[in-house]
Amino acid sequence: MMQHQVTKPFTIDKYLIMNAWKRVKENKGSAGIDNVSTEDYESNLGKNLYKLWNRMSSGSYFPEAVKLVDIPKPSGGTRPLGIPTVGDRIAQMSVVLLIEERLEAIFHADSYGYRPNRSAHDAIEKARERCWHYNWVLDMDISKFFDTIDHDLLMKAVERHVQEKWILLYHPTIPFERYADDTICHCYSLEEAQMLKASIVERFAACKLRLNEEKTRIVYCKDGKRRGEYKEITFDFLGYTFQPRGQRNKQGQVFNGYAPAISRKSKKRITEKMRGWHLNRRVQLKLSDIAVEINAEVRGWMNYYGKFYGSQLKAFLQCINLKLARWAERKYKRFRRKPNDAYKWLVRVASKNPALFYHWQHGVKPNRLKPFG
């Protein structure tokens, strides 16, 4: 337990620090530059939390440097990810817990990123619904948002948030979905979308930001009922591609709708992850070993990308079964240079033990007898 509270220049409730620790522990995450993990921090929790509270309350707290890790970008290359120390994450979470309730009251309803009880799926669902009613989308891309955002302007906004209640002003007639810096706006006409884009460019310039002109596009949400042609009819949002797709209504009738499904970039990212399994080199493993290793990752893909138009994802994930058959071809001598026999063997295994792999449990079992033929 932490020691008794004494008078400090800044009043910070110790229970706030304790609750912040609980949230940081739930979020898990890697160690920072000091190489102290959450488990290490918890091994001497009372002393560590008291030390942090004491520094924050006395005004002597300064965050440590962040650990920079390069992570791959879907478009190629990498971007740096900063990982704070566990102590700094607790300090940051303390601020979040203090201001979250206050900020929730003033956030726009169409802002979804990093808010309690709101998810990327909620934003995608709302975007899907609005594409039914609005013919046009302004797909915005802010150029290097986190690199170029003006820190002084940001801190002025934070001070205003914290000190007084105010409401963010948006164009009142334009519905939108925003997740962090990923934003799409819905418009009734091409002219309205063009005017909106021009006004946003002007407003961003005042905030020392700019749109990436190459990636910002006006898109026509073309479906079976909308007439006319336009060169841009697809856009990506939060890992999904929105585009015209054949769909079936409750009466079984096929129609051309406008719907989201897993994007090509997301498929590419998943494919790269699968390559990282290196199954062709790991013939020493048993099939059950592979299941234990990949099931959690596959479950994450299916839970996120299978939410909308899941048939696209399921068809794509058949490639896992092909990889497993290739693994069996290399592992067992009787299947050498006989990929179809290896696949038939996998079909039999899935029939006998359908719960072995997560994707088998959810409708992606091997079911084609000659996938390599």
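The face of helix H9 that looks away from its buried side carries two exposed residues, Arg264 and Arg275. This is a predicted model, and H9 makes a handy way into it. The helix covers residues 264-275, twelve in total. From first C-alpha to last it reaches 16 Å, close to the 16 Å expected at 1.5 Å a residue. On the other side of the story are Ser266, Ile270 and Met274, which are buried. Looking down the axis of H9, these buried residues fall within an arc of 80 degrees, so they line one face of the helix. The spacing fits a simple rule: an α-helix has 3.6 residues a turn, so residues three or four places apart point the same way.

What sits over that buried face? The cover includes strand E9 (254-262) along with helices H10 (287-305), H11 (310-316) and H12 (318-331). Of these, H10 is worth a look for how it lies against H9. The two helices pack at an angle of about 175 degrees, and their axes are 12 Å apart. An angle over 145 degrees counts as roughly antiparallel, and H9 and H10 are therefore roughly antiparallel to each other. On the H9 side, the contact is made by Ser266, Arg269, Ile270, Lys273 and Met274, while H10 brings Glu297, Trp301 and Tyr305. Sorted by character, the residues of this contact come out as four nonpolar, one polar and three charged.

H10 also holds Asn295. Is this residue buried or exposed? With a relative accessible area of 15%, Asn295 falls under the 20% cut-off, so Asn295 is buried. Leaving aside residues up to four places away in sequence, Asn295 touches Leu356, Phe357 and Tyr358.

Next comes H11, where Leu313 has its place. Leu313 is buried, with a relative accessible area of just 1%. Among the residues touched by Leu313, again setting aside those up to four places away in sequence, are Trp301, Met302, Tyr305 and Gly306. Ile262 is another residue that Leu313 touches. Leu313 and Ile262 are 51 residues apart along the chain, yet their C-alpha atoms are separated by 6.4 Å.

The loops on either side of H10 each hold a residue with a positive phi. In the loop between H9 and H10 there is His278, a residue other than glycine with phi near 55 degrees. At 33% relative accessibility, His278 counts as partly exposed. The loop between H10 and H11 contains Tyr309. Tyr309 is not a glycine either, but has a positive phi of about 50 degrees. Its relative accessibility of 25% means that Tyr309 counts as partly exposed.

H12 rounds off this group of helices. Its 14 residues should span 20 Å at 1.5 Å a residue, and the end C-alpha atoms are indeed 20 Å apart. The buried residues here are Gln318, Ile320, Asn321, Leu324, Ala325, Trp327, Ala328 and Glu329. Their cover includes H9, H10 and H11, and also helices H13 (339-352) and H14 (358-361).

Elsewhere in the chain, helix H8 (residues 190-206) packs against strands. At 1.5 Å a residue, the 17 residues of H8 should span 24 Å; the end C-alpha atoms are 25 Å apart, which agrees. Which residues of H8 are buried? They are Leu190, Ala193, Leu196, Ile200 and Phe204. These residues cover an arc of only 115 degrees around the axis, which puts them on the same side of H8. They pack against strands E3 (136-141), E5 (182-187) and E6 (217-220). Turned away from that buried side is a face with the exposed residues Glu191, Met195, Glu202, Ala205 and Ala206. After H8 comes Lys208, whose phi is positive, near 65 degrees.

Stepping back to the whole chain, there are 14 helices and nine strands. Of the 373 residues, 39% count as buried. Contacts over long stretches of sequence are also well represented: among contacts between residues at least 6 apart in sequence, 64% join residues at least 24 apart.

Definitions and conventions: Residues are numbered from 1 along each chain as its sequence is written. This is a predicted model: local features need pLDDT of at least 70, side-chain atom pairs count only at pLDDT 80 or more; totals for chains, interfaces and linings use all residues. Side-chain values use heavy atoms; hydrogens and water are left out. Helices (H or I, at least four residues) and strands (E, at least two) are DSSP runs, numbered from the N terminus. The expected span of a helix is 1.5 Å times one less than its number of residues. Buried means under 20% relative accessible area, exposed over 50%, partly exposed in between (1.4 Å probe, protein chains only). The arc is that of the directions from the helix axis to the C-beta atoms. Contact means heavy atoms within 4.5 Å. Axes are lines fitted to C-alpha atoms, for helices over the stretch in contact, and angles run from 0 to 180 degrees between N-to-C directions. Angles under 35 degrees count as roughly parallel, over 145 as roughly antiparallel, 65 to 115 as roughly perpendicular and the rest as oblique. Ala, Val, Leu, Ile, Met, Phe, Trp, Tyr, Cys and Pro count as nonpolar, Asp, Glu, Lys and Arg as charged, and the others, Gly among them, as polar.
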